[in-house]
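Please open the model in your viewer and keep the selection tool at hand, since this tour goes from one selection to the next and says what can be found at each stop.

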Amino acid sequence: MERGSQGEWKLSMIPGESFRAFVPRALPPEPALVHDATLMDLLARAHLALGRLDGLSTLLPDISLFLYLYVRKEAVLSSQIEGTQSSLSDLLLFESEELPGVPLDDVREVSSYVAALEHGIARLESLPLSLRLLKEVHEILLSQGRGSNKQPGEVRTSQNWIGGTRPGNAHFVPPPPHELGACLSDLERFLHDLPERTPTLLKAALAHAQFETIHPFLDGNGRLGRLLITLLLCSEGAMQKPLLYLSYYFRKHRAAYYEHLDRTRFLGDWEGWVQFFLEGVIATAEQASDSARQVLLLFESDRQRLEAVGAPASVLRVYPAFQRHPFRRVPATAEELGLTPQTVRGAFNLMVEQGILREVSGKKRDRLWAYSAYLTLLEHGVERPALSHEETR
């Protein structure tokens, strides 16, 4: 259904130029979403896929191992959309106090995304999903790296735009600053099921699109808008752990993603956007479930390989440490496990012989080892992008 423009164009001015900015109507859409057979089928399949993914959290021997690295994979993907060149290995090396292969600001930006997500999930235990919580998350998101000078945690007080070099030639101009209070208040009411209850997955789809249209901050709107999806699903109990992230799907289908957002704004085609979003939930949840199963199979296969060659108990103690973090040095691992450096070094050497580890520093001292096959699984889809979308000025 095409409802026509879902907002008003307001004439605005900055020194030397006038332009039109778009102020969206409050959610939910009017007329209401058409729940036809296609949408209902997608909604049922999305709930099933999400339930299967959430159920994996009870099957994995240690969900924190998978979650630790999966969150970081999402941080890399979401930041790549905004132009960083960091890979997952770069981030893990940075966290291990190693020098990554890209500019430090890129990796700091990704690291801030991890901290912002972890803060948001923790705060949901004591604070409802709200503008206050989003501002806290935004402040951490922009705490370092690019954007740290663009009012972290504060709603913008000047005009921004998407595409182009100024508002007058931009692809899209979000609401002017004086309209943001009402827009964000309406969005918060919608998140709190006012004036009516909206099913969780539909709410996530509509809220993400609306947040992107409002674009309430000077920088970081894209990343925070994607975080909003995960925070909403967790706050409403659709997931016990933050395991679903749509950044890879949005990046893979970048042109369709932006086209659907435009169609919601200018034509009121909410059904097209919701169907695209639900297809993303299904594809992403199934991919995440498959990744978790592949990780489990790898861990079991490599453990059996070590047992088959008669690896001593110390090796079977060292091997799980690489599951927790795939980059390791001898001294830190020895201290962590309460083993001697000689014992740990012997374990590393045996795992190198078995094709499980490889030395990646090229040094003779203070060497660094990596769990190669595990990194390969984790880095699927996190190739450095050739191009990036210019989110705001």
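The model is a predicted one, and we begin inside it with the second largest cavity, which has a volume of about 60 Å³. To see its walls, select F66, Y70, K73, S291, Q294, V295, L377 and L378, the residues that line the second largest cavity. Colour the helices next, and you will find that the elements giving two or more residues to this lining are α2, α11 and α15 (372-378). If you colour the lining of the second largest cavity by class instead, it shows five nonpolar, two polar and one charged residues.

Now move on to the largest cavity, which holds about 120 Å³ of space. Its lining can be selected as Y70, K73, E74, L77, Y245, Y248, T284, Q287, A288, S291 and H380. Here the elements that contribute two or more residues are α2 (63-81) and α11 (270-308). By class, the lining of the largest cavity divides into five nonpolar, four polar and two charged residues. While both selections are on the screen, look for Y70, K73 and S291, which appear in the linings of both cavities. In total, the structure holds five cavities of 30 Å³ or more.

Leave the cavities and select helix α8, residues 221-235. How far apart are the end C-alpha atoms of this helix, and what span should its residues give? At 1.5 Å a residue, the 15 residues of α8 should span 21 Å, and because its end C-alpha atoms are 20 Å apart, the two values agree. If you switch on a surface, you can check that α8 is mostly covered, with 14 of its 15 residues buried. Just beyond the helix, select G237, which follows α8 and has a positive phi, near 80°.

The last stop is G168, which lies in the loop between α5 (131-141) and α6 (180-191). Is G168 buried or exposed? With a relative accessible area of 43%, G168 counts as partly exposed, because that class covers the values between the 20% limit for buried and the 50% limit for exposed. Add E17 and F19 to the selection, since G168 is in contact with both of them when its neighbours within four places in sequence are left aside. Finally, draw a distance from G168 to S372: the two residues are 204 residues apart in sequence, and their C-alpha atoms are 50 Å apart in space.

Conventions. Residues numbered from 1 in each chain as written. Predicted model: local features only at pLDDT ≥ 70, side-chain atom pairs only at ≥ 80, totals over all residues. Heavy atoms only, no water. 1 Å grid on protein atoms, 1.4 Å probe; cavity = no way out; pocket = protein on both sides within 12 Å on 5 of 7 lines; lining within 4 Å. Points joined across faces, edges and corners; volume = space filled by probe spheres on them. Helix = DSSP H or I, 4+ residues; strand = E, 2+ residues; numbered from the N terminus. Nonpolar A, V, L, I, M, F, W, Y, C, P; charged D, E, K, R; others polar. Buried < 20%, exposed > 50% of the residue type's maximum accessible area, 1.4 Å probe, protein only. Contact = heavy atoms within 4.5 Å. Expected span 1.5 Å × (residues − 1).
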